[in-house]
Amino acid sequence: MGLALIVGYGCAAAPPKEENVSAKILDYGIYDEKVEEILKDESVPCGTRGRVRYSLIEETDRIPAKLGTSFGFRYNLYGVPEKTKLKLKRIFIFPKQGLTDIAKGKTHYNAQLDDELTVRENMEIGYKFEHQWELVPGKWSFQIWYEGKKIAEKSFTVYDNTCG
């Protein structure tokens, strides 16, 4: 299945220009996930991302660098009615050394997704470790942007899980 940047999204239509859009982080940490759809997307490190639904396992900002771990945050948007379509930018900032896919010979320092999303309760943004080369300790930050304004951000510390 490849690396999955995990995001909730909806169908596209002409988005409105809402003036007072804000976001509130509802929970964050390590999640169990139910994958609803896998999409090809060359803008992300492994070339795929998934549409998933999260169930919180542990609220934490310390994430073990372990294959299969999914982490991120759930959030609500305010200042716009539910079911409205908005163009949001989601930015994933990786540790300063980047994520190096040896097979492709490419290092990723961040990833950016620009989508028109349908506003609903409990929207998600997250990441799942699916390849050994993704297990990079350090600071990982996830941001949500609307109309050039950052409306949510959460940082996580990924730590080496091999020490015991």
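**Entry 1: salt bridges**

I began by counting salt bridges in this predicted model, and I found that the structure holds six of them. As a reminder to myself, side chains of opposite charge can pair when their charged atoms come close. I then looked up three of the pairs one by one.

My first pair was D27 with R74, where the closest N and O atoms are 2.7 Å apart. D27 belongs to strand β2 and R74 to strand β5, so this salt bridge ties together parts that lie 47 residues apart in sequence. I also checked how covered the two partners are, and both D27 and R74 turn out to be buried.

Next I looked at K128 and E33, whose side chains meet in a salt bridge at 3.3 Å, N to O. This pair also links distant parts of the chain, with K128 in strand β10, E33 in strand β2, and their positions 95 residues apart in sequence. Are these two charged residues buried or exposed? K128 has a relative accessible area of 17%, and E33 also has 17%. The cut-off for buried is under 20%, so K128 counts as buried, and E33 does too.

My third pair was R90 and D115, with the closest N and O atoms 2.5 Å apart. R90 sits in strand β6 and D115 in strand β9, 25 residues apart, so to speak a link between distant parts of the chain. I noted that R90 and D115 are both buried.

**Entry 2: the overall fold**

With the pairs noted, I stepped back to the whole chain. How many helices and strands does the protein have? I counted zero helices and twelve strands. Reading along the sequence, I therefore wrote down one β after another: β-β-β-β-β-β-β-β-β-β-β-β.

The protein has 164 residues, and 50% of them count as buried. Its accessible surface comes to about 8,200 Å², and carbon and sulfur atoms account for 48% of that. I also looked at contacts between residues at least 6 apart in sequence, and 76% of these join residues at least 24 apart.

**Entry 3: an open sheet**

Here I kept in mind that strands of a sheet pair through backbone hydrogen bonds, either parallel or antiparallel. I traced an open sheet of five strands in the order β4-β12-β11-β6-β9, with mixed pairing. Which strands stand at the edges? They are β4 and β9; each has a single partner strand, so one side of each is left without a neighbour in the sheet. On average, neighbouring strands here are turned by 25° against each other, direction ignored.

I zoomed in on β6 and β9, which run antiparallel and are joined by nine bridges. R90, which I met in the salt bridge with D115, stands opposite L113 in β9.

**Entry 4: strand β10**

Strand β10 was already in my notes as the home of K128. Six of the six residues of β10 are buried, so the strand is largely enclosed by the rest of the structure. In a regular strand the side chains alternate between the two faces of the sheet. I checked both faces of β10 and found them covered: M123, I125 and Y127 are buried on one side, and E124, G126 and K128 are buried on the other.

β10 is joined to β5 by six bridges, and the two run antiparallel. R74 of my first salt bridge stands opposite E124 in β10.

**Entry 5: the nonpolar core**

I then turned to the largest nonpolar core, which has 34 residues. Which of them touch the most other members? They are F71, Y75, L77, L88, W140 and F142. I also listed the strands that each supply at least two residues of this core, among them β2 (22-40), β5 (70-78), β6 (85-93) and β10 (123-128).

**Entry 6: two loop residues**

Last, I looked up two backbone angles. N122 has a positive phi of about 55° although it is not a glycine. I found N122 in the loop between β9 and β10, and with a relative accessible area of 33% it is partly exposed.

E147 is another residue other than glycine with a positive phi, near 50°. E147 is found in the loop between β11 and β12.

Technical notes: Residues are numbered from 1 along each chain as its sequence is written. This is a predicted model: local features need pLDDT of at least 70, side-chain atom pairs count only at pLDDT 80 or more; totals for chains, interfaces and linings use all residues. Side-chain values use heavy atoms; hydrogens and water are left out. A nonpolar core is a set of buried Ala, Val, Leu, Ile, Met, Phe, Trp, Tyr and Cys residues joined through side-chain atoms within 4.5 Å. Buried means under 20% relative accessible area, exposed over 50%, partly exposed in between (1.4 Å probe, protein chains only). Helices (H or I, at least four residues) and strands (E, at least two) are DSSP runs, numbered from the N terminus. Contact means heavy atoms within 4.5 Å. Accessible areas come from the Shrake-Rupley method with a 1.4 Å probe; for residues, only the protein chains shown count as cover. A salt bridge is a side-chain nitrogen of Lys or Arg within 4 Å of a carboxyl oxygen of Asp or Glu. Two strands pair if DSSP finds at least two bridges between them. Axes are lines fitted to C-alpha atoms, for helices over the stretch in contact, and angles run from 0 to 180 degrees between N-to-C directions.
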